[in-house]
Amino acid sequence: MELTIIAVVGVISIVTIAALSRQIGVAAPLVLVVVGVALSFLPGLPPLRIQPDWVLTGVLPPLLYASAVRMPAIDFRRDFRSIAGLAVLLVAVTTVCAGPFFTWLLPGLGLAAAFALGAVISPTDAVAATSVGRRLGLPTRLLTILEGEGLVNDASSLVLLGSAVMAFTHTVHVWRIGVNFLYAVVLAIVIGIVVGQVSVRVRGLLGDTVLNTAISFVVPFLAFLPAEEIGASGVLAVVVTGLVTGHQSPRYLRAIDRIAERVNWSTAAFLLESAIFLLMGFQLKHLLDEAGGGAGRAVWIGLAASGMVIVLRMLFVAPLVSSLRMDAKRAASIQPRIDDIRSTVTSRFDGRRLDRYMRRITQKEGDIAFALSESFGWRGGVVLAWSGMRGAVTVAAAQSLPVDTPLRSELMLIAFVVAVTTLLLQGLTLPGVIRVLKVPGDDEAADREEYRTLVTDLAAKARDLLDDPDLALPDGSRYLPVVVSRVTDDTRARRPQNQEPQEEQQPNQEPEPDQEPRTDPRDQYINLMLRVLRAEQSELLALRTQGTYNSRTLTKAQATLDTELARLQQQM
């Protein structure tokens, strides 16, 4: 009964705090941490001990999966170098720099334990930063880099943490760490791809929304558990599974299943994230008690470590932003050569080979357009540098240190101070930084124009289907002319209101004199409308593969198609 009451009160508190946070314009994770810290000092409340395995193996996989499913794979690919730099190289740099830093401030700690603490405080948590950024209109590319970093850097830090912990009792060489890291990454990617591809295909065969959503809740663990069992990165396997699932779900899952899954996963992720931040703050009193006389030293070392990770991130982001600007310049210089390459390929190849090369050229054109139009400049770089907040993973990873770790209680408190200091300091000041710098957001006018162009392309595919003289029902009978006319009108009505209507050929569907309709007109309408929407869906997937349109436009069009498909699928 007590657990039930705690759960009910917890959910009500989380929802209330989140609603109030929106009213006052502060990211909910920040408020939840502050409330948790305040609750930890209330007299009479028992200390709350959170097992690190609950977070690292029970909560982290579904949270990462929920974020990865929502991320467009094309954006992740285009910014992979930046994401990998922040999530892998910066994590390694932070860990290496933290080793001498902590051994200097904590004599007797040992280099292995110092590196372990460095790995613990190296991963960032993008939840607060992205919630602030979306509310204030940061450009999509900047948010993608932040989210991508948050998805991958947990895997990097946990692998490095495992190597550092192993060094407590064994001699570990640098080359061995590199081999272990490569092994963990490669196998995790393979497992993630396999689980993602198999699970999305199997779920596509179920044909039941409830069963489909229920299976989706265990998919993250289907990737995480086998990867951990063979020594790979379970966290990275979950991320890859989520990216594959999100990319392939429009191809294999029904629209009604995708909509239901999106709502259910958003709710689950919201509750898990909020609970973790609340419980994170609630641990402060317990950590202070455990540290005892060393609490004061641990607090000021944690504050110094917070300054170190902030400075390291700023130093790292500066050349990263410069490289992005160089990429844009290189893209501008390459663009004129694309037409020459296209002409050469067209004259030398034909058939499938020509189609393959043309797809690559179209993808390259899309990448060039992305590099030229989605650059966020030095202002965005400052925001990126100031968005390195740590979170609950840092606290949980610190608690996973072996019990015989030197100064373990102080190390856990140091990690907590780093997490809370960066979260509150950077999280609370980030809105002001964004406002002062006036970081330009996405070009909404260009997005609207691109969306109109995309809808025109999809409408052309629908017209091709409706104008087909051989258009017929599955049983071979013809659609009623009134049905074809109604579908044509409804398809045209789904275009943006300010789009110029194009001349439509009237369907050439003359009724046969003595032909009685074998299917109810309503059923004919649903059947034909579904065929039209599926044709547009296929065209949308083809355009997504080509990379002609940005992810915002594709996501908006996909959401519109999903709504129409789900409405009709419910009537079948």
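Select helix 13 (residues 255-282) together with helix 19 (residues 408-437), whose axes come within 11 Å of one another and cross at roughly 120°. Axes here are lines fitted to C-alpha atoms, for helices over the stretch in contact, with angles running from 0 to 180 degrees between N-to-C directions, and helices are DSSP runs of H or I with at least four residues, numbered from the N terminus. The crossing angle makes helix 13 oblique to helix 19, given that angles under 35 degrees count as roughly parallel, over 145 as roughly antiparallel, 65 to 115 as roughly perpendicular and the rest as oblique. Helix 13 passes helix 19 in a left-handed crossing, a term used if the near helix is turned anticlockwise from the far one by less than a right angle.

This is a predicted model, in which local features need pLDDT of at least 70 and side-chain atom pairs count only at pLDDT 80 or more, while totals for chains, interfaces and linings use all residues. Residues are numbered from 1 along each chain as its sequence is written, and side-chain values use heavy atoms, with hydrogens and water left out.

Now show the side chains where these two helices touch, taking contact as heavy atoms within 4.5 Å. Helix 13 contributes Phe 277, Met 280 and Gly 281, and helix 19 contributes Phe 416, Ala 419, Val 420 and Leu 423. By class, the contact of helix 13 with helix 19 has six nonpolar residues, one polar and no charged, where Ala, Val, Leu, Ile, Met, Phe, Trp, Tyr, Cys and Pro count as nonpolar, Asp, Glu, Lys and Arg as charged, and the others, Gly among them, as polar.

Stay on helix 13 and select Trp 265, which is paired with Phe 217 in the loop between helix 10 (209-216) and helix 11 (219-229), 48 residues away in the chain. Their ring centres are 5.2 Å apart and their planes stand at 55°, so the pair is tilted; rings of Phe, Tyr and Trp (its six-membered ring) pair if their centres lie within 6.5 Å, with planes under 30 degrees apart counted as stacked, over 60 as edge-to-face and the rest as tilted. Trp 265 counts as buried at 6% relative accessibility, whereas Phe 217 is partly exposed at 35%, on a scale where buried means under 20% relative accessible area, exposed over 50%, and partly exposed in between (1.4 Å probe, protein chains only). Add Tyr 65 to the selection, since ring pairs link Tyr 65, Phe 217 and Trp 265 into a cluster. The structure holds four aromatic pairs.

Next, select helix 3 (residues 52-70) and helix 18 (residues 392-399), whose axes come within 7 Å and cross at roughly 135°. That angle makes helix 3 oblique to helix 18, and the crossing is left-handed. Pro 52, Val 55, Leu 56 and Leu 60 of helix 3 meet Val 393, Ala 396, Ala 397 and Gln 399 of helix 18. Seven of the residues in the contact of helix 3 with helix 18 are nonpolar, one is polar and none is charged.

From helix 18, move along the chain to Leu 407, in the loop between helix 18 and helix 19. Its phi is near 55°, a positive value in a residue other than glycine, and Leu 407 is partly exposed at 31% relative accessible area. Lys 438, in the loop between helix 19 and helix 20 (444-466), also has a positive phi near 55°, and Lys 438 is exposed with a relative accessible area of 68%.

Helix 17 (residues 377-385) comes next; its buried residues are Gly 380, Gly 381, Val 383, Leu 384 and Ala 385. Among the elements covering them are helix 5 (80-105), helix 8 (140-166), helix 15 (295-348) and helix 19.

Two of these covering helices lead to further stops. In helix 5, select Thr 103, which is partly exposed at 26% relative accessible area. Leaving aside neighbours within four places in sequence, Thr 103 is in contact with Gly 110, Leu 111 and Ala 114. In helix 8, select Ser 163, which is buried at 6% relative accessibility; Ser 163 and Asp 350 are 187 residues apart in sequence and 52 Å apart in space, C-alpha to C-alpha.

Finish at Asp 79, in the loop between helix 4 (73-78) and helix 5. Asp 79 is buried, with a relative accessible area of 2%, and, apart from neighbours within four places in sequence, is in contact with Arg 141, Ile 145 and Phe 370.

Technical notes
Helices (H or I, at least four residues) and strands (E, at least two) are DSSP runs, numbered from the N terminus.
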